[in-house]
Amino acid sequence: MKNIYVLGIGLIGGSLALDIKKLDETLNIYGIDKNESHLDDAISLGVIDKKASLDDLANADLVIVSIPVDATVKLLPTILDKIPDTALVVDVGSTKVDICKAVENHPKRRNFLAMHPIAGTEHSGPSAAIGGLFLGKTNIICEVEKTTFKLQEKALKLFVDIGMRIRYMNAEAHDKHIAYVSHLSHISAFMLGKTVIEKEKNERDIFDMAGSGFASTVRLAKSSPAMWTPIFKQNKTNVIETLEEYILNLTHFKALMQQDDFEAIYGEMESTNHIKDILNGIV
Ligand code: NAP
C-alpha cells in the first residue's frame, strides 16, 4: 500500500490520515475535499501530504470516504468507477443501510468495505483532526462477506494497527442500534441546548451558571448540522422510534413530578445508575 486518498479531510478523515501516516511515514496521503481552504489547512497542519482530485483515484491503493452520508451515497459509485481493480475503498459514515444499498450492484462492490468507527468529537474540519483518536475504539464493519477476502485482510490489519477493536454487524442492525446510542443522544443535546437558550435569553447567565454537568450534557449540540441532517434523514424510521420511547420516558417523569411521587422518581434514577457499570472504562 503506497497511495492513500482521503475524501473529506475533516475530523474523521483527518484523524485517520494522521494515524495511518504514523504507521508508515513513506505512505503518500492525498486529500480530496470540496472545501479548498480545508485542503490548504490540512497541508499546513501536516494532516495530508498533497491535494488531489477524484480523477487521481486511478492511482489509489486505499480510498477513505469521510464526507456527509448523503454525499457518500451520491459519490460512492463514481469512486468505485475510478479506482483500479486492486484498490480498497472504505467509508466511515454514521449510517450504513443507504450507503451499502447505493453500491450493492456495482461491478466493483467487492472492492468496498462499509464501516463506522465509533470515535469522534463535536468539532469538525481538518483542525479538529487528532492523532490517536481511534485507539481502543470500536470499528463496526458491515456486510464484510461482500468484500474480497484479500481486501478484508488488508483493511482489518490497518484498523487493528491503529488500535481499533473490530465488530461485525449487518447494516440494518447497525442503523437500529446506533439510533439509540448515538443519534438520540445528539437530538437530546440539541433540544436541551435549544430549551435553555430560548428560556435564558441572557447568554452571560448561561455562561456564568453552566456547571460542568450542563456543559458535558449539551456538548454534542455543538456538532455540525451539515453532518447530522443527512444522518437523521437516512435513519429516519429508527430515529423516530427512539424519539417516541424517549418522549414517553420524559412524559412519565413529568407525570411523577406532578403527582409528587418522589419515591418513584428516586427509583427511576437509581435504576438508571446502572449505566455506570455499562459504560465503565469509556467515561
Ligand atoms: P467534517 O469534519 O465536517 O469533515 C467532512 C469534510 O468533507 C469537510 O471538509 C467538508 O467540507 C467535506 N465535504 C463535504 N461534502 C463533500 C463532498 N461532497 N465532496 C468532498 N468533500 C466534502 O465531518 P466528520 O465529522 O469528519 O464526518 C465525516 C463522516 O464521518 C460522516 O459521514 C460522519 O457520519 C462520519 N462520522 C463522524 C463522526 C463524528 O463524531 N463526527 C464519528 C464517526 C463517523 P465542508 O466543511 O466545507 O462541508
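1. Ligand shell. In this predicted model, 26 residues surround the ligand, and D33, H38, I67, S94 and G125 come nearest. A residue counts as near if one of its heavy atoms lies within 4 Å. By class, the shell has twelve nonpolar, twelve polar and two charged residues. Here Ala, Val, Leu, Ile, Met, Phe, Trp, Tyr, Cys and Pro are nonpolar, Asp, Glu, Lys and Arg are charged, and the others, Gly among them, are polar.

2. Polar contacts to the ligand. The side chain of H38 places an N or O atom 2.6 Å from a ligand oxygen. A polar side-chain atom of K34 lies 2.9 Å from an oxygen atom of the ligand. L11 uses a backbone N or O atom, 2.9 Å from a ligand oxygen. A polar contact is a pair of N or O atoms within 3.5 Å; within protein, one must be able to donate a hydrogen and the other to accept it, and residues adjacent in sequence count only if both atoms are side-chain atoms.

3. Cover. On its own the ligand has 890 Å² of accessible area (Shrake-Rupley, 1.4 Å probe). The protein covers 85% of that.

4. Helix crossing. The axes of α6 (residues 171-199) and α10 (residues 236-258) come within 9 Å and cross at roughly 60°. That makes α6 oblique to α10 (not under 35 degrees, over 145, or 65 to 115). The crossing is right-handed.

5. T195. This residue is found in helix α6. The T195 side chain reaches the backbone oxygen of M191 at 2.6 Å.

6. Basis. Residues are numbered from 1 along each chain as its sequence is written, and side-chain values use heavy atoms, without hydrogens and water. Local features need pLDDT of at least 70 and side-chain atom pairs 80 or more, while totals for chains, interfaces and linings use all residues.

Terms used:
Axes are lines fitted to C-alpha atoms, for helices over the stretch in contact, and angles run from 0 to 180 degrees between N-to-C directions. Helices (H or I, at least four residues) and strands (E, at least two) are DSSP runs, numbered from the N terminus. A crossing is left-handed if the near helix is turned anticlockwise from the far one by less than a right angle, and right-handed if clockwise.
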